[in-house]
Each structure stands twice: as structure tokens, then as C-alpha cells.
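Work through the exercises below with the model open. Try each task before reading its solution.

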Amino acid sequence: MLTRAYQFDLNSSGVAAGEPLLDVSGVSLRFGGIRALSDVSFRMRQGDIHAVIGPNGAGKSSMLNCVSGLYRPQEGRIQLHTVRDGEVGSTDLVTRKPHQIARLGVARSFQNIELFGHLSVLENLMLGRHIHMKHRVLAGMVWFGPARRQEFAHREFVEEVIDLLQLQAHRHAPVGALAYGIQKRVEFGRALCIEPSLLLLDEPMAGMNAEEKEDMARFVLDVNELRGVSVLIIEHDMSVIMDISSHITVLDFGKVIGDGTPTEIAQNDDVIRAYLGDDE
Ligand SMILES: Nc1ncnc2c1ncn2[C@@H]1O[C@H](COP(=O)(O)OP(=O)(O)OP(=O)(O)O)[C@@H](O)[C@H]1O
Ligand SMILES: [Mg+2]
């Protein structure tokens, strides 16, 4: 439950709901002889929870890594559309570095948790605000005037994320000491602290029990519905994906083998074959 209104508008893309937000076209990625992605194309729309699914090794994480700038595909384009001063513009993410892409409002969580285990929940989330900090608050060099006001504003934002994700009880706990499901929630929170318009989630529910998955699914829906954040999500749990996503792209051996609504995907023969194996 939201206990107070967000001060910040998380949908910073400015793109109207239902309009194209991300266009992936002809993306191919190789690691030596391994073709992780072959001519992958799909379109994601503003306001969608768009799932990328597929068997292990299909190229899902690689795709997300290309969007966030961690991997640079040898071919193809990944255009992020934004509206600035009433004009739609697009940026090819393939040529941008991860921090530049984060500044464009694209935030991510990792398949394996990447938090600072010895720092508290609060500190990890404050680090997520770093991208918005003009003064070197975290370095602790100045502690007065604008830096102090800025620290308070960021702190308030972080407290709202803590409320939203029900992390109040863990605020001061070192992240490394928390249960795995809670750590995943903190990682999700840190991505929110970037104030994303597009959130990339790589298996946010992996290793969780049914109740933790349900909580996480609700948080993802809240952020999407209440804050207008578009979500590109990789998840293996098909019942969760069928429940929360508006659109699904299916990868198999680095290729798109299905793209459509959950209902269309559930009836797609190629997808059923990829999941069940050739002998079905
Ligand atoms: N940094 C890398 N170096 C070499 N090969 C890689 C690298 N990243 C991914 N690959 C290879 O690319 C292919 C796709 O891997 P990827 O991790 O994208 O799959 P995935 O769909 O996310 O799988 P999983 O469901 O197991 O997470 C695999 O063959 C993998 O070994
Ligand atoms: Mg993966």
C-alpha cells in the first residue's frame, strides 16, 4: 500500500500510454563462436509490462544487457523513444554507455543480486539516488546548505520507496544479512530510486517462495499501474508472467519464436514446442 504520494513522477519518458517506447530491430550478438542473439526484433509500448521468456540460454539476459548497455551487439538498433519539449525523439542505445542509458531513465535489476552486502537497506537505496545528486553528499565532504537540503529530498524519496516495498522493518539492516527474498526487493527498490521510465527486471522472483513471488508481482503491478513505469521483465514462472504481462516476446536459441499477448503466446505452436521439447 502507498502510504503517501510520491513527490517524483517516475514516468520520465513523456511518451503517451500505448505509444512505442522501445524498438529493438535486427539485434545480433556474438561471443566468439556463440550466437547469443540472432536478428532479434520486437517493439515495446509505453505502459506495458512486457515479458521476455524462453528456455535457459535462450538469450534473455543478453537481450536485457544490450538494452542497458552492458553488452554491445554487433548488429542492429535499440531505439528508446522519449518526448522532450513536446517533440518525440529517439536515442539508439547501442551506441550509449550504461550510465548514459541510466540517465535516460532506464534502470535494471540483475539475475544475481548486485547490492553492497555490508551497507544497510537505506544506504543501498541512497546509492540508487546517486545519479540524481548534484552535490557530493555521499562522499560526506559538505554537510550544509544546498547539499543538506538535497540530502533530505533524496532521503524522502528513498523513504517512499521503502514504504512502497514494505521494507520499513529492515531499513538499517545490512543487506547481506537479509533473507534472499527481501534482498531481491531491495534491488528492485534501488532500481526505482533511479526514477526510471523503463524498468528492466531479470528474474526478480527467482528463488522466491510463493508468497514472496506474490508480493513481488504486486509491487511490479503497483509501480506499473500507479507510477506509469513500463517494465521489461524476464521471468521463468509462467503463471506469474501470464498474470501480470500485457505482451510477451519469446526467445529460443537467440531468435524470436513468438510475440503477442499472453493468450496468443499460450496458443503458439512454436512456443509450446520450445517449452515441451521436440518429441511432444
Ligand atoms: N558474457 C558472456 N560471454 C560468453 N557467452 C555469453 C555471455 N553472456 C551470455 N553468453 C552466452 O549467450 C547465450 C545466452 O545466454 P543468456 O544468459 O542471455 O541466456 P538466458 O536466456 O538469460 O538464460 P537463463 O534462463 O539461464 O538465465 C548462452 O549460450 C550463454 O552462454
Ligand atoms: Mg538469464
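## Exercise 1: Cavities

The largest cavity in this predicted model has a volume of about 40 Å³. A search of the whole structure gives two cavities of 30 Å³ or more.

**Task.** Find which residues line the largest cavity, and which helix gives the largest share.

**Solution.**
1. List the lining: Gly181, Ile182, Arg185, Met208, Glu212, Asp215, Met216 and Phe219.
2. Assign elements. Helix 5 and helix 6 are the ones that give two or more residues.
3. Pick the main contributor. Helix 6 supplies the largest share, four residues.
4. Sort by character: four residues are nonpolar, one is polar and three are charged.

**Task.** Do the same for the second largest cavity: what lines the space?

**Solution.**
1. The volume is about 40 Å³.
2. The lining consists of Ser109, Phe110, Lys184, Glu187, Phe188, Leu201, Pro204 and Met216.
3. Here helix 5 gives the most, with three residues.
4. By character, five lining residues are nonpolar, one is polar and two are charged.

## Exercise 2: A helix pair

**Task.** Are helix 5 and helix 6 roughly parallel or roughly antiparallel to each other?

**Solution.**
1. Take the ranges: helix 5 spans residues 180–192 and helix 6 spans residues 210–227.
2. Read the geometry. The packing angle is about 10°, and the axes lie 10 Å apart.
3. Apply the cut-off: angles under 35 degrees count as roughly parallel. The two helices are therefore roughly parallel to each other.
4. Name the contact. Helix 5 contributes Gly181, Lys184, Arg185, Phe188 and Leu192. Helix 6 contributes Glu212, Asp215, Met216, Phe219, Val220 and Val223.
5. Classify these contact residues: six nonpolar, one polar and four charged.

## Exercise 3: One residue of helix 6

**Task.** Is Ala217 buried or exposed? Which residues beyond four places in sequence does Ala217 contact?

**Solution.**
1. Place the residue: Ala217 sits in helix 6.
2. Its relative accessibility is 11%. Buried means under 20%, so Ala217 counts as buried.
3. Set aside neighbours within four places in sequence. Ala217 then contacts Met205, Val240 and Ile244.
4. Check one pair. Ala217 and Met205 are 12 residues apart along the chain, and their C-alpha atoms are separated by 8.2 Å.

## Exercise 4: Helix 1

**Task.** How many of the nine residues of helix 1 are buried?

**Solution.**
1. Helix 1 covers residues 60–68.
2. Its buried residues are Lys60, Ser62, Met63, Leu64, Asn65, Cys66, Val67 and Ser68.
3. Eight of the nine are buried, so helix 1 is largely enclosed by the rest of the structure.
4. Look just past the end: Gly69 follows helix 1, with a positive phi near 90°.

Note on methods
Residues numbered from 1 in each chain as written. Chains lettered and ligands numbered in written order. Predicted model: local features only at pLDDT ≥ 70, side-chain atom pairs only at ≥ 80, totals over all residues. Heavy atoms only, no water. Axes fitted to C-alpha atoms, helices over the stretch in contact; angles between N-to-C directions. Parallel < 35°, antiparallel > 145°, perpendicular 65-115°, else oblique. Contact = heavy atoms within 4.5 Å. Nonpolar A, V, L, I, M, F, W, Y, C, P; charged D, E, K, R; others polar. Buried < 20%, exposed > 50% of the residue type's maximum accessible area, 1.4 Å probe, protein only. 1 Å grid on protein atoms, 1.4 Å probe; cavity = no way out; pocket = protein on both sides within 12 Å on 5 of 7 lines; lining within 4 Å. Points joined across faces, edges and corners; volume = space filled by probe spheres on them.
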